[in-house]
Amino acid sequence: MSPRAGNAGPRTLAFVESPVQLLNVLEWAYAQEQALGAGLTLVVLSPIDPMTRGQLRRMAELAREEGHEVRWEEARGGAAAPFQTIGGLAGLLRRAPRVVLGDPFSRYVQLLLTITRARELVVVDDGTATMEFVAQLASGERLVRWHRKGGRPGPRDLIFAPVASSARRRLTPGGGRSVEIFSSMPMKETPADVTVTANDFSWTRDRFGPPRITKGADLVGTSLVETGVVDADRYLDAVRTLAKAHGATRYFAHRRESTDKLHRLAVETGLEIVRPDLPLELIARRGPIGRTILSFPSTVVHTLPLALAGTDVRVAVCDIDPAWLTENASPRAQGFLSGVTGSARDVHRLAAVTTA
């Protein structure tokens with residue numbers, strides 16, 4: 001067991017549903033190594049998607065190597081699974097004085113928040129969604145993911161509304177309860193009495209690299225097509241144009257990208273499709289990685305410059321042309337994506353490429 005982690009125990013209980021969330025819990029624990037005390041019990045609320053599960057298992061191995069206790073929950077393995085999972089965690093939740101969570105928009109997490117009595121709540125990054133969460137918390141809005149904002153609440157939203165409202169109240173400091181946000185994302189406004197701590201990816205840089213840097217360029221994929229924000233044909237044209245202009249040879253797939261889309265990308269662009277077994281911050285830090293990393297607006301335009309600090313790698317971000325958006329895209333989409341690009345530090349900004 002790593003001396004940094006101390007004795008594994010329930011003093012700090014962390015819930016994650018994605019590899020990036022787990023990475024950021026490890027970053028938080030590394031930054032808190034002196035204050036972590038009795039250690040960290042990390043609960044993985046496993047999704048169904050095979051690629052996400054694979055990355056989570058690899059990240060869980062790294063967490064165990066750091067000395068943390070990992071509890072894997074098949075949280076979505078059938079209709080009864082959520083009730084069994086929540087019932088099995090209720091005792092731990094009530095005893096833990098500190099709870100760390102990665103996705104305040106998750107209905108699973110919101111349900112768990114109704115049970116916990118923790119006096120310390122910590123929210124770690126779940127990508128660019130953290131920016132929206134902070135803005136909504138500061139303004140007192142209901143918690144809604146940015147790509148769904150502006151649409152009508154569905155029947156499930158209405159049924160779940162009391163739980164979501166309770167979660168937002170618990171994520172608001174007061175009554176002896178503190179809230180910390182541990183983030184590498186830029187914050188336009190900070191909620192009153194919330195502590196914001198910068199995540200500079202110290203653990204990633206300490207454990208991995210420096211990477212071997214190749215002469216070419218690599219392109220980072222996005223799930224904007226899968227979430228219904230960007231038109232698939234426009235996206236394919238943009239990837240083809242961007243790769244040709246910058247000499248990119250590899251395409252690092254987002255874990256949520258569909259197999260059909262990736263096959264089409266490989267056939268029509270000639271790019272080598274890479275399905276990473278770890279979050280891209282760790283893949284890039286391990287190397288080899290291209291001297292230029294091309295991306296559309298996404299979390300990595302904020303995190304990769306931090307993970308690759310001290311190297312000669314350049315991160316370049318390509319804007320999303322409004323013409324690429326689908327007719328069903330949220331009215332909030334263009335402004336949010338522009339904000340992701342415009343607020344990124346230490347990146348080279350590219351104009352949106354022209355597509356047919």
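**Exercise 1. Which residue forms a salt bridge with Arg76, and how far apart are the closest N and O atoms?**

Before solving, a note on the model: it is predicted, so local features need pLDDT of at least 70 and side-chain atom pairs count only at pLDDT 80 or more, while totals for chains, interfaces and linings use all residues. Residues are numbered from 1 along each chain as its sequence is written, and side-chain values use heavy atoms, with hydrogens and water left out.

Step 1. Start with the rule: a salt bridge is a side-chain nitrogen of Lys or Arg within 4 Å of a carboxyl oxygen of Asp or Glu.
Step 2. The partner of Arg76 is Glu17, with 2.4 Å between the closest N and O atoms.
Step 3. Now place the two residues. Arg76 sits in the loop between strand S3 (69-73) and helix H3 (81-95), and Glu17 in the loop between S1 and H1, so the bridge ties together parts that are 59 residues apart in sequence. Helices (H or I, at least four residues) and strands (E, at least two) are DSSP runs, numbered from the N terminus.
Step 4. Check accessibility, where buried means under 20% relative accessible area, exposed over 50%, and partly exposed in between (1.4 Å probe, protein chains only). Glu17 is buried at 11%, whereas Arg76 is partly exposed at 31%.

**Exercise 2. Find the residues that salt bridges join into one network with Glu268.**

Step 1. Begin with the pair Glu268 and Arg240, whose side chains meet at 3.1 Å, N to O.
Step 2. Glu268 belongs to helix H9 (residues 259-269) and Arg240 to helix H8 (residues 232-246), 28 residues apart.
Step 3. Follow the shared partners: Asp233, Asp237, Arg240, Arg264 and Glu268 form one network.

**Exercise 3. Describe how H1 and H2 pack, and where H1 stands in the largest nonpolar core.**

Step 1. The axes of H1 and H2 come within 9 Å and cross at roughly 15 degrees. Such axes are lines fitted to C-alpha atoms, for helices over the stretch in contact, and angles run from 0 to 180 degrees between N-to-C directions.
Step 2. Angles under 35 degrees count as roughly parallel, over 145 as roughly antiparallel, 65 to 115 as roughly perpendicular and the rest as oblique. H1 and H2 are therefore roughly parallel.
Step 3. Contact means heavy atoms within 4.5 Å. H1 brings Pro19, Leu22, Leu23 and Leu26 to the contact, and H2 brings residues including Gln55, Met59 and Leu62.
Step 4. Turn to the core, a set of buried Ala, Val, Leu, Ile, Met, Phe, Trp, Tyr and Cys residues joined through side-chain atoms within 4.5 Å. The largest one has 39 residues, and Leu22, Met59 and Leu62 are among those with the most contacts inside it.
Step 5. Elements giving two or more residues to this core include H1 (19-31) and H2 (50-65), and the largest share, six residues, comes from H1.

**Exercise 4. Locate two cis peptide bonds and a positive phi.**

Step 1. Recall the background: most residues other than glycine have a negative phi, and most peptide bonds are trans.
Step 2. One cis bond joins Gly209 and Pro210, with omega about 5 degrees; Pro210 is in the loop between helix H7 (202-207) and strand S8 (213-220).
Step 3. Another runs from Gly287 to Pro288, with omega near -5 degrees, and Pro288 lies in the loop between H10 and S11.
Step 4. For the positive phi, look at Phe201, near 60 degrees. Phe201 lies in the loop between S7 and H7 and is buried at 1%.
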